[in-house]
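Please open the model in your viewer and keep the sequence panel beside it, since this tour moves from one selection to the next.

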Amino acid sequence: MEKTIALNRKAKHDYFLEELYEAGIELTGTEIKSIRKGKVQFKDAYIDFVNGEAFIVDMHISQYENGNIFNHDETRTRRLLLHKYEIRTLRKAVTVKGYTVIPTRMYLKNGLCKLEIALAKGKDLYDKRQALKEKDVQREIAKAMKVR
């Protein structure tokens, strides 16, 4: 059973999403409590690779309002839990092929917080315009079919 906490809607607009991976996140107690309340945002977040490990950078998790002096730092770098072969594959794609790795969705799966990350290639401006045109055409078709 999955419950979606946050979506990165801008990811599909700004990037071509190639492959999706599921990653766990190393969190503290007050962070998971804030996530369960939906106080998370990763609009500008990205995945970085350091010493064979993957980290998510610039993900904002608000402080837990009932937390005490041990409350967490809101934008700290958090380690992602992936298999070594997945980390090697993603890192190789980033360094050699010019891809980037971005978070697309955060959800709770069987009580555990998971992050869906995507191997993505950036869109040019004309690609974004083309995608918006196609979306408008699909909307018009759906509207016409609904009227009849």
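Before the first selection, one term is needed: a patch is made of residues with over 30% relative accessible area and no salt bridge, and nonpolar side chains are joined into a patch when they lie within 5 Å. Bear in mind throughout that the model is predicted.

Begin by selecting V137, I141 and M145, which together make a nonpolar surface patch of about 300 Å². Now keep V137 alone and show the cartoon around it, where you will find that V137 belongs to helix α4, spanning residues 125-147. Is V137 buried, partly exposed or exposed? Buried means under 20% relative accessible area and exposed means over 50%, so V137, at 45% relative accessibility, counts as partly exposed.

Next, move to helix α2, residues 29-36, and colour T30, E31, I32, S34 and I35, which are the buried residues of this helix. If you then display what covers these buried residues, you will meet several strands, including β1 (2-7), β6 (60-61), β7 (78-81), β8 (100-109) and β9 (112-122). Just after α2, pause at G38, which takes a positive phi of about 85 degrees.

For the last stop, select Q63, which sits in the loop between β6 and β7 and counts as partly exposed because its relative accessibility is 39%. Leaving aside residues up to four places away in sequence, Q63 touches S34, N71, H72 and E74, and S34 is one of the buried residues of α2 that you have already coloured. Finally, draw a distance from Q63 to K39: the two are 24 residues apart in sequence, while their C-alpha atoms are 8.3 Å apart in space.

Terms used. Residues are numbered from 1 along each chain as its sequence is written. This is a predicted model: local features need pLDDT of at least 70, side-chain atom pairs count only at pLDDT 80 or more; totals for chains, interfaces and linings use all residues. Side-chain values use heavy atoms; hydrogens and water are left out. Patches are made of residues with over 30% relative accessible area and no salt bridge: like charges are joined within 9 Å, nonpolar side chains (Val, Leu, Ile, Met, Phe, Trp, Tyr) within 5 Å. Accessible areas come from the Shrake-Rupley method with a 1.4 Å probe; for residues, only the protein chains shown count as cover. A salt bridge is a side-chain nitrogen of Lys or Arg within 4 Å of a carboxyl oxygen of Asp or Glu. Helices (H or I, at least four residues) and strands (E, at least two) are DSSP runs, numbered from the N terminus. Buried means under 20% relative accessible area, exposed over 50%, partly exposed in between (1.4 Å probe, protein chains only). Contact means heavy atoms within 4.5 Å.
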